[in-house]
Amino acid sequence: MNRLDRLSLTPVPPEDEALRAPVRAFLAEQLHGLPALRRARSWSGHDAAFSRALAARGWLGLTLPLEHGGAGRSPFARYVLVEELLNAGAPVGAHWIADRQSGPLILKYGTPAQQQRYLPAICRGEAFFCIGMSEPGAGSDLASVRTRAERQADGRWRLNGQKVWTTHAHQSHFMIALVRSSGAPEDRQAGLSQLIVDLSLPGVTVRPITDLSGDQHFCEVFFDDVMLAPEALVGREGQGWAQVTAELAYERSGPERLYSSIVLFDEWLAWVRTPTGRSDAALALAGRIAAQLAPLRALSLAVTARLAAGDSPVVEAALVKDLGTSVEQLIPALIADDLASRPDGCEPPAELLLTLAYISQVAPSFSLRGGTRDILRGMIARGLGLR
Ligand SMILES: Cc1cc2nc3c(=O)[nH]c(=O)nc-3n(C[C@H](O)[C@H](O)[C@H](O)COP(=O)(O)OP(=O)(O)OC[C@H]3O[C@@H](n4cnc5c(N)ncnc54)[C@H](O)[C@@H]3O)c2cc1C
């Protein structure tokens, strides 16, 4: 049996759609004059002041319960908000991980004390989180994680090891780290746990890595005898594998897997609407790209409907992420072909060329971050009963 019948097409309910207009008005004011090259960074752009401005409107932790400082809204409301933020190219990186996955994870598995400590701070834009899953030698193969947390006689945890590719670790307050709390790497999924690590503790070293485009958004993080309080454990000891699987469904299920090239597409469309940029081939291409994005958006909303129904749509989210990142990667390639085919003397605007150069450089990472294409296809095959 396959699970595709679980992806039923669902419109955004009117009460959630109503959020779009105020969000648009807010973004028009906040992002006024921000060049496309900056907006194209969107969820890798870090701007704490912007995140706090969103929080002041009640738009961080939108789906978290009111008693924890959230807005108690549905996943559809969050979809509308996130779609508008990404379409506008808002710099959402500061709060992104806390809002998307750390908050929901703490809500699902955290103790009441953890919920009280972290969730209101996330909703106020005062607690930024990063994800400590990948390690040198354990990227896709998370079960081989080596970073080790040893429980001490007094209940505290002694943490040693290294994480890598940790987005925004250098600008975050906390990491939720996947660690080995018992057994050996050969034990695979058994013996893994998740811990909340305060990144200001002694023994934590964070080193930013410069990527191809010159940006520093991901980091290496080293733990040298870091001592954590007993209550650093999220959920149950040894249940880390089941918990990260649920967390990755939050990570893969949002519209951010469709819109990484959208600022470029918009910038190109703006030029195609002018007499210099208009051509028959460009009009056909605009239709081709829109025709790929529209059904993907519908699929992505169908995943949101599963979240709204209280499910953890692991396979469905993998499907949309795989298809979505393919289109995100296709857009810069197709736009580059269009620009290259123009006759001599037809000069595209500099901002369009710069944005194309940036997106072309980072596009290979779209299908790596959040889980590689091969891993997602393995999950889809399992969902279809083929593995
Ligand atoms: C921009 C960016 C941001 C990131 N941010 C974070 C972050 O914040 N936190 C974090 O923890 N990680 C982060 N990552 C890491 C990312 O999730 C890993 O890069 C990814 O999971 C792959 O791991 P790896 O790089 O070690 O590659 P590997 O796992 O070594 O994979 C190499 C290749 O082998 C293939 N492969 C591996 N295993 C299998 C298999 N079983 N079957 C078939 N093919 C396989 C992979 O698909 C890939 O093509 C980020 C990565 C990028 C690019």
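Visitor: In which helix does His95 lie?
Guide: In this predicted model, the stretch to look at is residues 93-109, which forms a single helix. His95 lies within that stretch, and the helix is H6.

Visitor: Is His95 buried or exposed?
Guide: A residue counts as buried when its relative accessible area is under 20%. The relative accessible area of His95 is 3%, so this residue falls under that cut-off and is classed as buried.

Visitor: Which residues does His95 touch, not counting residues up to four places away in sequence?
Guide: Contact here requires heavy atoms within 4.5 Å. With residues up to four places away in sequence set aside, the partners that His95 touches are Ser51, Leu54, Leu60 and Phe128.

Visitor: Which helix supplies the largest share of the largest nonpolar core?
Guide: That core has 68 residues, and those with the most contacts inside it include Leu19, Phe50, Leu85 and Trp268. Several helices each supply at least two of its residues, among them H2 (20-30), H5 (75-88), H10 (280-308) and H11 (314-340). The largest share, 11 residues, comes from H10.

Visitor: What is Leu85 in contact with, leaving aside its neighbours within four places in sequence?
Guide: Leu85 is among the residues with the most contacts inside the largest nonpolar core. Once the sequence neighbours within four places are left aside, its contacts are Leu27, Ser42, Phe50, Leu54, Ala90, Val92 and Trp96.

Visitor: How many residues are in the second, separate core?
Guide: This core is separate from the one just described, and its members include Ile122, Ala127, Phe129 and Ile176. Its size is 25 residues.

Visitor: Which element gives the most residues to the shell around the ligand?
Guide: The ligand is surrounded by 17 residues, the closest being Ser134, Ser140, Trp165, Thr372 and Asp374. By class, this shell has 6 nonpolar, 9 polar and 2 charged residues. Strand E3 (157-167) and helix H13 (373-383) each supply at least two of the shell residues, and the element that gives the most, with 3 residues, is E3.

Visitor: How much of the area that the ligand exposes when taken alone does the protein bury?
Guide: Backbone atoms approach the ligand at several points: a backbone N or O atom of Ile131 lies 2.8 Å from a ligand nitrogen atom, and a backbone N or O atom of Trp165 lies 2.9 Å from a nitrogen atom of the ligand. A polar backbone atom of Ser134 is 2.7 Å from a ligand oxygen atom. Taken alone the ligand exposes 980 Å², and the part of this that the protein buries is 63%.

Technical notes:
Residues numbered from 1 in each chain as written. Predicted model: local features only at pLDDT ≥ 70, side-chain atom pairs only at ≥ 80, totals over all residues. Heavy atoms only, no water. Near = heavy atom within 4 Å. Polar contact = N/O pair within 3.5 Å; in protein donor to acceptor, adjacent residues only side chain to side chain. Areas by Shrake-Rupley, 256 points an atom, 1.4 Å probe, with all protein chains shown as cover. Helix = DSSP H or I, 4+ residues; strand = E, 2+ residues; numbered from the N terminus. Nonpolar A, V, L, I, M, F, W, Y, C, P; charged D, E, K, R; others polar. Core = buried A, V, L, I, M, F, W, Y, C linked by side-chain atoms within 4.5 Å. Buried < 20%, exposed > 50% of the residue type's maximum accessible area, 1.4 Å probe, protein only.
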